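Me: Could you show me how to read a few features of a model, step by step?

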Amino acid sequence: MLRIGVVGCGAIGREHIDRITNKLSGGKVVAVSDVFVEGAHKVGDPIGATVYNNSADLVNDPDVDAIICTTPGFAHKETVMQAIEIGKPVFCEKPLTTTAEDSMDIVEAEIAGGKHLIQVGFMRRYDKGYRQVKEMLESGEFGAPLYLKCTHWNPEVGTNYDTPMAVYDTAIHEIDVLHWLVGDEYESAQIMMPRQTKHTHPDLKDPQLMFLKCRSGLIAMVEVFVNCRFGYDINCQIVCEEGVIDLPSPAVPTYRKSGGLTTPIGHDWKKRFIEAYDTEIQEWINSTRKGEMNGPSAWDGFVANLTADALVASQQTGEVVPIDIGVVPEFYKK
Ligand code: NAD
Ligand code: ISE
């Protein structure tokens, strides 16, 4: 049994605790922590977990074998560095950190420790739909992918969500999954701001149109609109030489009523990728028990942050910003 400590008992922390406790196998949450300690007690007490009000004490608890970090992005580095220091595996929710510089510090610390310890929560790589699309592209039947059109639409966000977060908290999913999907690397990024919704606030530009150009010339266009009101709607279309592949939201019953034909759109991110989260955490438990680390790495987290930094820079100027990931360290070559 993998004895897990969870740092951060907010929305996704509670989701992961629930799936480990009630759905998955091979793992047990034995400790939880949150700076808001009442929140940690609320989820930790019913399952008999030790409750901490800081991550260091949880990471250093000898009864904790591995850590799940589900604090906000700006707080990830602290916990991940503590885990590396003591040599414990850590599953860190996306983004690894909020800047390439901080993620590079983690990469360097992991390499210095000489052991693969970090997995980043890029769960779309575990989604059946994205996996099928990858297989279709790799079959060669569609020819080369030429451009991608994606939407990342959220119904609404709070006032603590600002303009850069549209990139490093939201588009970071597309940043990671798209280059993985097409087997390419980004070389430049650009953002254009269309007319803004009245539903945003002074610190958030919404919507934003993001363009990522790959080395092959492929361009990915990502529409991020986080106050779209109508639902949580993630779509991806890949235009190839020999055909077009669409990855829409999973099918739900449509209905005819009151003179209309309706296709409902969900509102909840927790449900849209529920199977992907289950698979991701189950595979992390399984591989961690075997002393392996197979999922998205700290290097993948760094590459996503480097790309995010370029997009964030373009938010200010609208200009095309180059991206140079450099050479993949030997340590991360598969
Ligand atoms: P949240 O605000 O609901 O929860 C964060 C929790 O962390 C809160 O309980 C807060 O009190 C606590 N916290 C803050 N700083 C802390 C610290 N220094 N130490 C310990 N606890 C601390 O946020 P959330 O929506 O659960 O998001 C958490 C992370 O998960 C973010 O990185 C977010 O990007 C990621 N996330 C990923 C997905 C996904 O689809 N993979 C979905 C949602 C959130
Ligand atoms: C949130 O943190 C997530 O990861 C969701 O998947 C994303 O849609 C949302 O925009 C983020 O804030």
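Here is a short dialogue about a helix pair, a ligand shell and a record entry.

Reply: Gladly! This is a predicted model, where local features need pLDDT of at least 70, side-chain atom pairs count only at pLDDT 80 or more, and totals for chains, interfaces and linings use all residues. Residues are numbered from 1 along each chain as its sequence is written, and chains are lettered from A and ligands numbered from 1 in the order in which they are written.

Me: At what angle do the axes of α7 and α10 cross?

Reply: Axes are lines fitted to C-alpha atoms, for helices over the stretch in contact, with angles from 0 to 180 degrees between N-to-C directions. Helices are DSSP runs (H or I, at least four residues), numbered from the N terminus, and strands are runs of E, at least two. Here the axes of α7 (residues 165-182) and α10 (residues 298-317) cross at roughly 120° and come within 9 Å. That makes α7 oblique to α10, a label for angles outside the classes roughly parallel (under 35 degrees), roughly perpendicular (65 to 115) and roughly antiparallel (over 145).

Me: Which residues surround ligand 2?

Reply: A residue counts if its C-beta atom, placed from the backbone, lies within 6 Å of the molecule. Around ligand 2 these are Asn-154, Asp-169, Thr-170, His-173, Val-226 and Trp-269. Helix α7 gives the most to this shell, with three residues.

Me: Where does UniProt place the N-terminal domain?

Reply: The unreviewed UniProt entry puts "domain: Gfo/Idh/MocA-like oxidoreductase N-terminal" at residues 2-118; such annotations may be inferred rather than shown by experiment. In the model, residues 2-118 are 44% helix and 21% strand, and their end C-alpha atoms lie 16 Å apart.
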